[in-house]
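Hi there,

Here is the structure I promised to pass on. Have a look at it first, and my notes on what turned up follow below.

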Amino acid sequence: MNLYQYIKRLFGAPRKKAPAAQNEASEKMRKMMTMLAHTQEQELTCDEVYALLDEFVELAARGEDVSKLMPLVQHHLEMCPDCREEYKVLEKIVLNVA
């Protein structure tokens with residue numbers, strides 16, 4: 001999906017909006033611009049992060065510096081709420097087992 005398609009999907013066709021809808025659209029635009037500003041040359045997809053997440057969680061649980069060992073996963077988790085939620089669930093499981 002290219003940027004134009006993403007924006008169109010995110011905001012839909014232009015139409016007159018109520019103030020609450022304008023605030024919601026502004027918040028979505030702010031989030032998208034923040035993500036674009038933090039885009040790196042090399043990025044991981046959600047599927048790639050899911051494949052590495054168990055290893056990442058175990059390293060973090062052992063106290064390893066995951067931001068240095070797996071910086072691309074760390075960056076993705078900072079940007080992606082879905083993957084971050086999955087990480088938190090796995091983290092709870094690992095910490096409760098240990």
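Let me start with one residue: Leu52 is partly exposed, because its relative accessible area is 29%, and buried would require a value under 20%. Please keep in mind that this is a predicted model. Leu52 sits in helix H3. Its C-alpha atom lies 7.7 Å from that of Val73, although 21 residues separate Leu52 and Val73 along the chain.

Now for the overall picture. The protein has six helices and zero strands, so in sequence order the pattern reads α-α-α-α-α-α. There are 98 residues in the protein, and 19% of them count as buried.

Next, a helix pair. Two packed helices are described by the angle between their axes and the distance between the axes. Helix H3 covers residues 46-61 and helix H5 covers residues 71-79; their axes come within 10 Å and cross at roughly 115°. That makes H3 roughly perpendicular to H5, as the range that counts for this runs from 65 to 115 degrees. As for handedness, H3 and H5 make a left-handed crossing.

On to the charged side chains. How many salt bridges does a search of the whole structure find? The search turns up one. The partners are Lys68 and Asp65, and their closest N and O atoms are 4.0 Å apart. If you look at how open each partner is, Lys68 is exposed, because its relative accessible area is 66% and the cut-off for exposed is over 50%. Asp65, by contrast, counts as partly exposed, because its value is 36%, which falls between the cut-offs of 20% and 50%.

Finally, the surface. Which residues form a nonpolar patch there? They are Val89, Ile93 and Val97, and together they have about 280 Å² of accessible area. Val89 belongs to helix H6, which spans residues 81-97. Val89 is partly exposed, with a relative accessible area of 42%; that is why Val89 can be part of a patch, since patch residues need over 30% relative accessible area.

If you are opening the model in a viewer, you could start with the crossing of H3 and H5, then turn to the salt bridge between Lys68 and Asp65, and end on the patch that includes Val89.

Happy to talk it through whenever suits you.

Best wishes

Key
Residues are numbered from 1 along each chain as its sequence is written. This is a predicted model: local features need pLDDT of at least 70, side-chain atom pairs count only at pLDDT 80 or more; totals for chains, interfaces and linings use all residues. Side-chain values use heavy atoms; hydrogens and water are left out. Patches are made of residues with over 30% relative accessible area and no salt bridge: like charges are joined within 9 Å, nonpolar side chains (Val, Leu, Ile, Met, Phe, Trp, Tyr) within 5 Å. Accessible areas come from the Shrake-Rupley method with a 1.4 Å probe; for residues, only the protein chains shown count as cover. Helices (H or I, at least four residues) and strands (E, at least two) are DSSP runs, numbered from the N terminus. Buried means under 20% relative accessible area, exposed over 50%, partly exposed in between (1.4 Å probe, protein chains only). Axes are lines fitted to C-alpha atoms, for helices over the stretch in contact, and angles run from 0 to 180 degrees between N-to-C directions. Angles under 35 degrees count as roughly parallel, over 145 as roughly antiparallel, 65 to 115 as roughly perpendicular and the rest as oblique. A crossing is left-handed if the near helix is turned anticlockwise from the far one by less than a right angle, and right-handed if clockwise.
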